[in-house]
Amino acid sequence: MAVGGCFCGNIRIEYTGQPIASALCHCDGCRKITGALYSYSLVINPDDLKVTGSPKAVAKVSDAGNRLNNFFCPECGTPIYGHKVDSANNPIGVVILRAGIFDNPELLNKRKPVAEIYTKQRVSWLSPIEGADQYPEGLALP
Ligand SMILES: [Zn+2]
Ligand SMILES: [Zn+2]
């Protein structure tokens, strides 16, 4: 089991299972969400994630047209995960778990991204990750 949490410790997570996919995303939304130049997220089955605490939801349609609720620590603002939702705001499909919240960096060393998306917006001085599939734009989520 992998454990993690937000910057202030208010929100904690436990994750079991194998990700469906893992990707760096260079889109504008991910920059704003993270305050960094790209995000690294695991696409996971919602049943594999246990969250302790009450993250705050922010709804937005992503650049790729996915309707998502993104969840943040209400105290420190760390992005925790995003959930795809239907038009009535009910969770459907996969969860996008923000990989930077894991406590043990070894887990990230073992889990190299399989893809990079929105590469057309990657900053010019950053190189593609060797072996990761490159997509100029986004992908529809399962
Ligand atoms: Zn926090
Ligand atoms: Zn993105």
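This passage describes the open sheet, its hairpins and the nonpolar core of a predicted model. Local features are reported only at pLDDT of at least 70 and side-chain atom pairs only at pLDDT 80 or more, whereas totals for chains, interfaces and linings use all residues. Residues are numbered from 1 along each chain as its sequence is written, and chains are lettered from A and ligands numbered from 1 in the order in which they are written.

Eight strands (DSSP runs of E, at least two residues, numbered from the N terminus) form an open sheet of mixed pairing, in the order E6-E7-E8-E9-E4-E3-E10-E11; pairing requires at least two DSSP bridges between two strands. Strands E6 (56–61) and E11 (133–135) lie at the edges, each pairing on one side only.

Strand E8 (residues 79–85) runs antiparallel to E7 (residues 67–72), to which five bridges join it. Phenylalanine 71 stands opposite tyrosine 81, and phenylalanine 72 opposite proline 79. Six residues separate the two strands of this hairpin, and glycine 77 in the turn has a positive phi of about 85°. Four bridges join E8 to E9, also in antiparallel orientation, with glycine 82 partnered by isoleucine 96. The E8–E9 hairpin has five residues between its strands, including asparagine 89 with a positive phi of about 70°.

Six of the seven residues of E8 are buried (20 or more other C-beta atoms within 10 Å of the residue's own, with C-beta atoms placed from the backbone). The largest nonpolar core (buried Ala, Val, Leu, Ile, Met, Phe, Trp, Tyr and Cys residues joined through C-beta atoms within 7 Å) has 30 residues, and Cys25, Ile80 and Leu97 have the most contacts inside it.

Definitions and conventions
Buried ≥ 20, exposed ≤ 12 C-beta atoms within 10 Å, placed from the backbone.
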